[in-house]
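Here is a briefing on one protein chain. Keep the structure open as you read. Look up each residue as it is named.

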Amino acid sequence: MATPSNKPFSDHKITAKESNPKISAVQKNVDQVPPNTIQPFLQKALESSINTGDIPASLFPPISENGHNVIPHNDSVPWPILNSNARNNILLYPGSFNPPHQGHLATILYFSECREQLGITTMFLFVDPGSIVTSKKKKWGEVILPQTLRYELFYKVPEISQLVSSGWLQLLVGDMDNHIKVLRATTDLVSEAGYAVKLVGLLGGDKLTVESVPHVHPGNLQEWGPVDEFLIINARRPVDFFDPKTEKIPRDLPDCTKWKRGMEKCDEEEGTIDDGAGILWTCQALTIPGKPIIQFRASQHSASNGVSSTKIRQIMTEALDEKLMEGLKDKVISAEPLVEWLILQRNQSREVSDEKAFL
C-alpha cells in the first residue's frame with residue numbers, strides 16, 4: 001500500500017460533478033442495487049476524478065458494457081448488506097502473490113467463513129504491480145508473473161469466482177497510490193451515509209515480530225497505509241509473539257502499546273481461545289503516522305498447510321520443464337495455466353539465446 005501523503009485525504013472528497021469518464025464501474029441494473037450495500041459507494045469512488053494515474057483503479061475481471069467496467073455480480077445472490085448497528089470492516093488483503101498459492105486461497109476462504117464473527121462486509125484483494133515485486137529482491141525471484149496473470153489465476157478458482165460474483169470479494173486492480181485512494185474514498189462515502197466503517201489492512205504473520213519495530217523491516221507498516229487499522233491472525237500462519245499452547249497473553253511488540261483484550265465475550269477464568277475467529281487483542285503502533293490500531297486474533301490452532309513461497313519460486317526457477325507440473329500442482333492454484341505461461345516464457349528466452357548465439 002502507498003505511504004500516506006502529507007495532504008489530508010479529506011482534500012480529495014468526491015462531489016457529484018467529479019467524474020473520470022475513462023474509468024467507471026457501472027452496475028448491471030444499477031437502479032436495483034440496494035443503497036445499503038457498498039457497491040454504489042465503490043462505483044462512485046471508481047468513477048471519481050481522484051482515480052487517475054498510470055494504472056487507474058478498476059475491478060477484475062474487466063467485463064465491459066458500452067465502454068464501462070461492470071462490477072460482476074450473480075443476480076441470484078443478494079449483495080452483502082452494510083450493518084447499520086455495528087462497525088463494517090472493509091478488509092484489504094494486499095501482497096505479491098507471485099504466484100498465488102494454496103495458502104493464499106485458504107486465507108481468503110478463512111475470512112469468508114468468519115466474515116460474520118469479524119464483521120467483514122467486503123474483502124478486497126490487491127495484487128502488487130510487477131515493479132513492486134521486482135523491488136523486493138527475493139531469493140529465486142527472477143520469475144515475475146504479470147499482474148493481470150496473477151489476477152487471472154485467482155479468478156480461475158471456482159471458490160474465488162463465486163465469492164466475486166456474490167459481491168463479497170472484490171479483485172482490485174491499480175497502482176500503489178490509486179487503489180488505496182479509491183478504498184479511502186469508498187469508506188469516506190460509506191461513513192458520510194451514516195454507517196460505522198473502518199478500512200483494515202491484513203498483515204501476514206511474518207510482517208511484525210517481537211524483534212522488529214513497526215516502521216522497519218520486516219514490519220514496514222509505513223508502507224502499508226493509510227488504513228484505519230491492521231489485522232494479524234495466527235489461524236492461517238503462526239506468529240512469533242504468541243504461542244497458544246503455552247501463553248494466554250501475546251507478548252508486547254516494540255514501539256507499540258501493551259496488548260489489551262478486545263471487548264468481546266470470552267472465558268477469562270479459563271483463558272480459553274475461541275476456536276473460530278480467535279480472541280481479540282489490540283495495541284497501538286506508536287511510531288506510525290496516525291498511530292493505527294493493530295488487531296490480533298489469537299486462535300487455538302494454526303491451519304497453515306506449510307506452503308512455502310520460497311520453495312515455489314525455486315521450483316519455477318530451477319525445475320525442468322517436464323517437472324514443473326509435478327512440483328507445483330499441490331502448492332499453487334490454477335497450476336495448468338501457470339505452467340503453460342512458465343514454459344512459454346522459457347521457450348521465448350531460449351529463442352533469444354539461440355539468436356544471440358547465431359550472431
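A polar contact is a pair of N or O atoms within 3.5 Å; within protein, one must be able to donate a hydrogen and the other to accept it, and residues adjacent in sequence count only if both atoms are side-chain atoms. With that in hand, take Ser112 and Arg115: a polar contact of 2.9 Å joins their side chains. Bear in mind that this is a predicted model. The points below go from that contact to the sheet, the cores and the rings.

**Around Ser112 and Arg115**

- Ser112 is part of helix 2, which covers residues 102-113.
- Is Ser112 buried or exposed? Its relative accessible area is 14%. Buried means under 20%, so Ser112 counts as buried.
- Setting aside neighbours within four places in sequence, Ser112 touches two residues by the contact criterion: Leu163 and Trp168.
- Trp168 also meets Arg115, which lies over the face of its ring. The distance from the ring centre is 4.5 Å.
- A similar arrangement can be found elsewhere. Arg261 lies over the face of Trp281, at 5.1 Å from the ring centre.

**The sheet**

- An open sheet is formed by 9 strands. Their order is 2-7-6-5-8-9-12-11-10, and the pairing is mixed.
- Which strands sit at the edges? They are strand 2 (58-60) and strand 10, and each pairs on one side only.

**Strand 5**

- Strand 5 spans residues 88-95, and 8 of its 8 residues are buried. The strand is therefore largely enclosed by the rest of the structure.
- In a regular strand the side chains alternate between the two faces of the sheet.
- Both faces of strand 5 are covered. On one side, Asn88, Ile90, Leu92 and Pro94 are buried. On the other, Asn89, Leu91, Tyr93 and Gly95 are buried.
- Strand 6 (residues 120-127) runs parallel to strand 5, and 7 bridges join them. Leu91 has Met123 as its bridge partner in strand 6. Leu92 has Phe124 as its partner there.
- Strand 8 (residues 197-203) also pairs with strand 5 in the parallel sense, over 5 bridges. In strand 8, Gly201 stands opposite Leu92.

**Strand 12**

- How many residues of strand 12 are buried? The count is 5 of the 6, so strand 12 is largely enclosed by the rest of the structure.
- Strand 9 pairs with strand 12 in the parallel sense, over 5 bridges. Ile233 has Arg297 as its bridge partner in strand 12.
- Strand 11 (residues 279-284) pairs with strand 12 in the antiparallel sense, over 6 bridges. Here Thr282 has Gln295 as its bridge partner.

**The nonpolar cores**

- In soluble globular proteins, nonpolar side chains tend to be buried together.
- The largest nonpolar core here has 75 residues. Ile108, Phe111, Leu169, Ile294 and Phe296 have the most contacts inside it.
- Another core lies apart from it and has 16 residues. Among them are Ile312, Met316, Leu324 and Val332.
- Phe296 is worth a closer look. Leaving aside neighbours within four places in sequence, its contacts include Ile232, Ile233, Val239, Pro250, Ile279 and Leu280. Phe241, Phe242, Trp259 and Trp281 are also in contact with Phe296.

**The aromatic rings**

- A pair of aromatic rings is described by the distance of the centres and the angle of the planes.
- How many aromatic pairs does a search of the whole structure find? It finds 9.
- Phe241 and Trp259 form a stacked pair, 5.7 Å centre to centre with 20° between the planes. Both residues lie in the loop between strand 9 (229-233) and strand 10 (260-261), so their pair ties together parts that are 18 residues apart in sequence. Phe241 and Trp259 are both buried.
- Phe242 and Phe296 have ring centres 5.7 Å apart and planes at 70°, so this pair is edge-to-face. Phe242 is in the loop between strand 9 and strand 10, while Phe296 is in strand 12 (residues 293-298). The pair links distant parts of the chain, 54 residues apart. Phe242 and Phe296 are both buried.
- Ring pairs link Phe241, Phe242, Trp259 and Phe296 into a cluster.

How values were computed:
Residues numbered from 1 in each chain as written. Predicted model: local features only at pLDDT ≥ 70, side-chain atom pairs only at ≥ 80, totals over all residues. Heavy atoms only, no water. Core = buried A, V, L, I, M, F, W, Y, C linked by side-chain atoms within 4.5 Å. Buried < 20%, exposed > 50% of the residue type's maximum accessible area, 1.4 Å probe, protein only. Contact = heavy atoms within 4.5 Å. Phe/Tyr/Trp six-rings, centres within 6.5 Å; stacked < 30°, edge-to-face > 60°. Helix = DSSP H or I, 4+ residues; strand = E, 2+ residues; numbered from the N terminus. Lys NZ or Arg CZ within 6 Å of the ring centre and 35° of its normal. Pairing = 2+ DSSP bridges.
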